[in-house]
Amino acid sequence: MIKSLKINNYTLFQNVSIEFENGFSVISGETGSGKSILLDALTLLLGKRVDRFANDKLISKAVIEGVFIFKKSKYSFFEKNDIDFEEFTIIRREILPNGKSRAFINDTPVLLNVLLQFSNQFFEIHSQHESLLLKDKIAQFSLLDGIANSEDILLNFQQELKKYNQLLEELVIIRESRDLKENDVEFIKYQLEELVSSDLKLGEIESIRKKIKLLENIDDIANAISLSEELLNNEQGVLSQISTIKKSILQFDSFKDLYERLDSIIIELNDISSEFLSLNQNLKFNPEELLSYNNRIDHLNKLLHKHRKKTIEELIEYRDELENKLSFSESYVMKFEEKEKELSDQLLILEEAVSLLNRKRLNILPDLQNKIEIYLKKLGMPYAKFKIDIKKTATFHNFGNTSISFLFSANKGGELQEISKVSSGGELSRLMLAIKFFSARSSNLDVLFFDEIDTGVSGEIASLMGDMMKDISQSTQLIAISHLPQIASKADEHYKVLKSVVGEKTISDVYHLNYDERVNEIAKLLSGKEVTNIAFENARVLLNQ
């Protein structure tokens with residue numbers, strides 16, 4: 001469960017601390033008070049990427065920190081990721097004004113994907129618009145796999161599908177190489193022969209240009225070498241003068257260190273003199289060599305222009321590509337049969353992976369559909385029918401080899417149809433709550449967070465939804481943002497987000513309401529701004545039910 005949440009310097013929340021209790025908690029507040037920012041902060045803490053953050057230049061960073069209580073049964077995650085296990089686990093996210101962030105679990109720095117793995121195992125957040133996602137096929141597959149605990153099986157299938165598609169692409173290349181016409185083959189041979197005979201080498205152009213520059217400046221280089229040798233070796237040269245200095249201090253022990261250093265300098269200068277001599281001996285202007293280098297540069301530049309390449313590396317890659325094409329064309333039958341065999345073997349692996357995925361999904365459908373209909377009856381829809389229709393398709397896609405449809409009928413005698421065609425906002429909210437109720441009971445979730453899952457309902461239906469949320473909270477901590485008094489009154493704890501102006505700033509804070517404050521807040525939810533005595537009385541009745 002989440003025990004506490006602290007938010008510092010994150011948009012409207014400057015210094016907020018919330019202590020949560022187990023069971024059912026509700027959060028209310030006027031539109032624009034900061035409820036969505038509170039939810040945003042929580043999702044950031046659980047691994048969401050940063051979209052918005054405090055823009056105040058005086059703030060060095062925003063810090064969001066949560067304390068969570070876990071049983072030892074969760075130990076395996078900590079051990080796998082080399083994180084110290086603590087019953088009271090502290091998660092912290094630090095966000096700089098430039099959007100960069102750091103994450104910690106029990107003071108151990110963790111990557112964002114580790115934080116996401118952590119949160120996906122123990123938390124689930126239902127956003128305001130998730131009910132609409134029931135109409136999206138990808139969301140439907142994801143929802144089903146979440147309930148069936150088949151995410152790992154799906155991931156394995158997707159990896160095998162990637163291998164299969166890669167082999168399929170390679171087979172297409174081989175098949176295309178077979179279709180090369182005779183003229184095409186001859187042209188490829190001509191191009192390949194030209195490139196092979198050119199003996200391409202990486203970095204060759206740069207190397208030749210250095211040699212050309214040397215040959216073009218050979219006179220200036222020779223003069224520089226001659227001058228250097230003269231200054232080093234003549235009677236008044238550097239070597240002679242340093243030798244004189246060395247002799248002059250030889251008789252004095254106090255100059256021993258200097259004597260040794262001068263000796264080292266003389267050895268180094270003699271070595272340099274030898275290098276100059278060697279360079280001078282090898283320095284010969286050869287006009288034929290210069291011409292040869294220039295011709296080579298011209299040839300390489302023509303090849304680059306002809307094949308529309310920018311570098312020798314690209315030319316080498318093109319040469320290898322031509323070799324492969326020609327090789328494929330000349331040994332087509334053998335390569336095609338080998339690749340077909342690989343593809344056939346991979347297809348068997350893929351079919352086994354997708355079969356396991358389909359079985360895992362289909363196994364939960366009867367119980368899921370039956371339970372959802374039971375829950376919908378409890379939510380005031382006695383004639384509701386729900387079915388997940390899965391049909392095999394002719395091709396593979398990223399979620400298997402089946403299509404999926406969420407079919408629904410709210411009224412007696414109604415025909416099951418796609419949710420997008422028959423469901424109102426209130427019906428979608430109740431259906432989503434029923435699904436979440438089922439998934440909460442069949443999973444190991446520690447915390448479930450609802451953001452206005454009650455959209456589109458009111459009155460008795462809202463009260464029934466509140467009862468179901470209360471039921472969920474018996475096994476899973478449930479926190480819900482809601483505007484409905486019928487739901488707020490069912491909660492064990494009630495928090496209110498309130499926005500106010502302090503000095504030159506607008507800030508939001510979160511308050512834990514006592515009984516009298518809850519009566520006042522629920523009365524406001526019942527009657528709006530002008531709270532009547534009847535609203536107060538109705539609020540007390542709701543709270544005491």
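Select Arg441 first, and show whatever surrounds it: once neighbours within four places in sequence are set aside, Arg441 is in contact with Tyr375 and Asp471. The model you have open is a predicted one, and every stop on this tour should be read with that in mind. Arg441 itself belongs to helix H15, which covers residues 425–441. If you now add Met465 to the selection and draw a distance between the two C-alpha atoms, you will find 16 Å between Arg441 and Met465, residues that are 24 apart in sequence.

**The whole chain**

Zoom out until the whole chain is in view, and colour it by secondary structure, which gives 19 helices and 15 strands. Along the principal axes, the C-alpha atoms fill a box of roughly 115 × 80 × 45 Å. The radius of gyration of the chain is 39 Å, whereas a compact globule of 545 residues would have one near 24 Å. Of the 545 residues, 43% are buried, and the accessible surface comes to about 30,800 Å², with 50% of it belonging to carbon and sulfur atoms. If you prefer a contact map to a surface, consider the contacts between residues at least 6 apart in sequence, 69% of which join residues at least 24 apart.

**The sheet of six strands**

Next, select strands S1, S2, S4, S5, S6 and S7, which form an open sheet in the order S2-S1-S4-S5-S6-S7 with antiparallel pairing. Strand S2 (13–19) and strand S7 (108–110) each have a single partner strand and stand at the edges, so one side of each has no neighbour in the sheet. Looking along the sheet, you can follow a twist that averages 15° from one strand to the next.

Stay at the S7 edge and add strand S6, residues 101–105, which pairs with S7 in the antiparallel sense over 3 bridges. Within this pair, Ile105 stands opposite Thr108 in S7. Helix H3, residues 112–122, packs on the sheet here and touches S5, S6 and S7, its direction making about 135° with that of S5. Then bring in helix H1, residues 35–45, which lies across S1 (2–10), S2, S4 (62–69) and S5 (88–95) and runs at about 105° to S1.

**The sheet of three strands**

Which strands should be selected for the open sheet of 3 strands, and in what order do they stand? The order is S9-S10-S11, and the pairing is antiparallel. Strand S9 (385–397) and strand S11 (417–418) are the edge strands, each with a single partner, so one side of each is left without a neighbour in the sheet.

Select S9 and S10 together, and follow the hairpin that joins S9 to S10 through 2 residues. Strand S10 spans residues 400–409, and its antiparallel pairing with S9 extends over 9 bridges. Two of the partners to label are Leu407, the bridge partner of Lys387, and Ser409, the bridge partner of Lys385. On the other pairing, S10 and S11 are antiparallel over 2 bridges, and Phe408 stands opposite Gln417 in S11.

How many of the 10 residues of S10 are buried? The count is 9, and the strand is thus described as mostly covered. To see one element that lies across this sheet, show helix H4, residues 137–148, which crosses S9, S10 and S11 and runs at about 95° to S10.

**Two glutamates in helices**

For the last stops, move to helix H6, residues 182–197, and select Glu194. Glu194 has a relative accessibility of 19% and counts as buried, because the cut-off for that class is under 20%. With residues up to four places away in sequence not counted, Glu194 touches Leu303, Lys306 and His307.

Then select Glu204, which lies in helix H7, residues 204–216. Is Glu204 buried or exposed? Glu204 is buried, with a relative accessible area of 14%. When neighbours within four places in sequence are left aside, Glu204 is in contact with Asp199, Arg296 and Leu300. Display the side chains of Glu204 and Arg296 as sticks to finish, since a polar contact of 2.7 Å joins them.

Key:
Residues numbered from 1 in each chain as written. Predicted model: local features only at pLDDT ≥ 70, side-chain atom pairs only at ≥ 80, totals over all residues. Heavy atoms only, no water. Pairing = 2+ DSSP bridges. Helix = DSSP H or I, 4+ residues; strand = E, 2+ residues; numbered from the N terminus. Contact = heavy atoms within 4.5 Å. Axes fitted to C-alpha atoms, helices over the stretch in contact; angles between N-to-C directions. Buried < 20%, exposed > 50% of the residue type's maximum accessible area, 1.4 Å probe, protein only. Polar contact = N/O pair within 3.5 Å; in protein donor to acceptor, adjacent residues only side chain to side chain. Rg over C-alpha atoms; globule rule 2.2 N^0.38 Å. Areas by Shrake-Rupley, 256 points an atom, 1.4 Å probe, with all protein chains shown as cover.
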